[in-house]
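I opened my notebook to keep a record of what I looked up in this structure. Have a look at it with me before the entries begin.

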Amino acid sequence: MSQDNGLLVDVRGVDKVFKRGAEKIHVLGGLDLEIPEGEFLALMGPSGSGKSTLLNLIGGLDKPTQGEVHVAGKRIDKLSDRKLASWRARHVGLVFQFYNLLPVLSAARNVELPLLLTRLNSKQRKQQVDTAMTIVGLSHRMKHYPRTLSGGEQQRVGIARAIVTDPTLLLCDEPTGDLDRKAGDEVLELLQTLNESQGKTIVMVTHDPHAAARASRTLYLDKGQLGEEPIE
Amino acid sequence: MINWLTQIVSVTKFSLQSLPERKGAALSAIFGIAGVVAVLVGVLSIAQGIRLMVQNSGEPENAIVLRSGSDSEMMSGFSGQQAEIVSEAPGIARWEQGAMASPELFVIINLPKRSTGTDANVPLRGVSLAAFEVRSNLEITQGRMFQWGLAELVVGAGASREFTGLELGSSIEVGGEQWPVVGIFEAGGGIAEGEIWADAAVVQPAYRRGNSYQSVYTKLTSTDAYSEFKDALTTDPRLNVKVAQATEFYSEQSTLLRSIIIGLGSIIAGLMGLGAIFGALNTMYTAVSARTREIATLRALGFKSGPVVISVLFESLLLALVGGLIGGGLAYVAFDGFRAATINFQSFSQIAFAFDVNATLLKNGILYAALIGLVGGLFPALRAARMPVAAALREG
Ligand SMILES: Nc1ncnc2c1ncn2[C@@H]1O[C@H](COP(=O)(O)OP(=O)(O)O)[C@@H](O)[C@H]1O
Ligand SMILES: [Mg+2]
């Protein structure tokens, strides 16, 4: 899947400008980022610095104003919205701060969602769901609805949904931001395991240095640029 | 493509499953649309009822003779001698008593309506012997026939229902005297059921009409005899008359009324429909915005926007159809067979009829509901589809 240079993600000279009415907000300016396959990268930075924006560009949820985004050897910033949707379904697993589970569906049905976009039949889908729920340690919670689960459990369902299609890349936007320390640690433990034993490439946005410590590398975003050191 | 279908089915299922959480808005849309459809079907059933009544009024082999230039019996008039000449025209069927031709008088009397107590015009028809041969579907159902030469009345079932003083055994004032009601008749729901009948020879002096009439009702030997009959009368130098086939005559008599009802009905239903579209629009905008994060999440996972559009439209359509069925059902229960009387602007008198809710009306009402649902769902659906995924995820 990776390019010859071993890079899974290659972001080159990216600008991102939002328009809010007449006002232009320059969020990212000339940003470069290279992520080798198998890395667990933590993105830190002040609130509003553009961490989610960068994650969205890598995940094909948004497009840069300027520059190129390559993932697994494919340039994605020029794809149509339709093509991007299919591309996301195949390559990206998303984990959200507030889990974003569908309240009307059971845990297992939530996890099954991305599989509805594949050609798998229901038996194959059930098997994949079982595997993913077992990996996150929730095989006993299959039939539970999100509102009957704790925050930590809901986030683990979210992670199961993100990995159920075995995506190329796992993108997590403040996955522990809404959890207490203990539940947060369990989630981080899980991500670390996925990275180490399954070789999943993970990009995780976080505010929490304790969480970032679990990653194999941490980058800091400020004033539209990435750096190796935290900015005071 | 199979994939696309799965997406549509599952996205639609999720949206319908979350419907209970949006009960209030959904119910108000349903009942808004039900109200519109009930009114639409109700109003159109009036026009349909009148049409049906008119259809039952005229027999095809009957012809009506009026003075030329008159649009209705009210305006018409000719002498007894001319009526005699008409009765001798070729093509008229015969019975034991001669030609099946009934010279008739048509006057208007005022009676209080049962429903409101206010006075309205009721036609009083003075008929000749052949009248009951010409209208073969006329039948005395209560009491008896009036006696020829006496000041007695028989009353159509519709008129008897609508007006005070027309029940069997009571009497009303005609030309300064009390005339008793001795019988009630039915005429297959036709226009005659809204009239009062008496002997023309007794009505003439009561209204100081001398020996004059306003129309001649005839039964022809067959429908083929019509043109011969018509030509004979219109070319006769002693006469100045026009001839119409009964079916044509009645349907012309009610065209204005029906157009007014259909016109008014369409305007009311149109305005209410517009209101209901905004209701549906509001409901679906609320639904879409309540589900912003959910829809954004699905699209982030890779679901396409087409299925999202279709699911919103489907939900809107479904709510509208439920509303349409409820409204159509209400209209059917409330209006079908409901009896009423209204003024006929062409004769300025009351006609009695029954609302008629039929399958076509119900189908049209439900189609109208579907249209409201689709239009009301379209813009919210497009909004849901056009929301940029990243921005929509931030909103949640
Ligand atoms: N869709 C958008 N429209 C307008 N402004 C946006 C949009 N997305 C993000 N922004 C702005 O871009 C900046 C960076 O946002 P974000 O990437 O969410 O920051 P972070 O995740 O680091 O807190 C903020 O000022 C935010 O208001
Ligand atoms: Mg953020």
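My entries follow, going from a whole chain down to single residues.

**Entry 1: what I am looking at**

I note at the start that this is a predicted model. I began with chain A and counted seven helices and 10 strands there.

**Entry 2: overall dimensions of chain A**

I asked what radius of gyration chain A has. The value is 17 Å, which agrees with the figure near 17 Å for a compact globule of 232 residues. I then took the spans of the C-alpha trace along the principal axes, and they come to about 45 × 40 × 40 Å.

**Entry 3: burial, contacts and surface of chain A**

I looked up how much of chain A is buried and found 56% of its 232 residues in that class. For contacts with a separation of 6 or more, I see that 69% join residues 24 or more positions apart. The exposed area of chain A is about 10,600 Å², and carbon and sulfur atoms supply 47% of it. I also tallied the charges: chain A carries 30 positive and 29 negative side chains. The centres of these two sets lie 11 Å apart.

**Entry 4: an open sheet in chain A**

In which order do the four strands of the open sheet run? I read S2-S1-S4-S5, with antiparallel pairing. Strands S2 (23-36) and S5 (74-75) of chain A stand at the edges; each has a single partner strand, so one side of each is left without a neighbour in the sheet. Further in, I followed strand S1 (residues 7-20) of chain A, which pairs with strand S4 (residues 66-71) of chain A in the antiparallel sense over five bridges. One facing pair I wrote down is Arg12(A), opposite Glu68(A) in S4(A).

**Entry 5: a glycine in a helix**

Next I went to Gly158(A), which sits in helix H5 (residues 151-163) of chain A. Is Gly158(A) buried or exposed? Its relative accessibility is 1%, so Gly158(A) counts as buried, the cut-off being under 20%. Setting aside neighbours within four places in sequence, I find Gly158(A) in contact with Leu94(A), Val95(A) and Leu101(A). I also checked Lys51(A), 107 residues away along the chain: its C-alpha atom and that of Gly158(A) are separated by 20 Å.

**Entry 6: two positive phi angles**

I looked up Lys223(A), which is not a glycine but has a positive phi of about 50 degrees. Lys223(A) lies in the loop between strands S9 (217-222) and S10 (225-227) of chain A. With 74% relative accessibility against a cut-off of over 50%, Lys223(A) counts as exposed.

In chain B, I stopped at Arg208(B), whose phi is also positive, near 50 degrees. The loop holding Arg208(B) runs between helix H6 (200-206) and strand S12 (212-213) of chain B. Arg208(B) is exposed, with a relative accessible area of 78%.

**Entry 7: an enclosed strand in chain B**

Why do I call strand S13 (residues 215-219) of chain B largely enclosed by the rest of the structure? Because five of the five residues of S13(B) are buried. Ser215(B), Tyr217(B) and Lys219(B) point one way from the strand, while Val216(B) and Thr218(B) point the other way.

I then looked for partners of S13(B). Strand S1 (residues 62-67) of chain B pairs with S13(B) in the antiparallel sense over four bridges, and Ala63(B) stands opposite Thr218(B). Strand S5 (residues 101-112) of chain B also pairs with S13(B), antiparallel and over four bridges. There, I see Glu104(B) opposite Ser215(B).

Key: Residues are numbered from 1 along each chain as its sequence is written. Chains are lettered from A and ligands numbered from 1 in the order in which they are written. This is a predicted model: local features need pLDDT of at least 70, side-chain atom pairs count only at pLDDT 80 or more; totals for chains, interfaces and linings use all residues. Side-chain values use heavy atoms; hydrogens and water are left out. The radius of gyration is taken over C-alpha atoms; the globule rule is 2.2 Å times the number of residues to the power 0.38. Buried means under 20% relative accessible area, exposed over 50%, partly exposed in between (1.4 Å probe, protein chains only). Contact means heavy atoms within 4.5 Å. Accessible areas come from the Shrake-Rupley method with a 1.4 Å probe; for residues, only the protein chains shown count as cover. Lys and Arg count as positive and Asp and Glu as negative; His and the chain ends are not counted. The place of a charge is taken as NZ of Lys, CZ of Arg, CG of Asp or CD of Glu. Two strands pair if DSSP finds at least two bridges between them.
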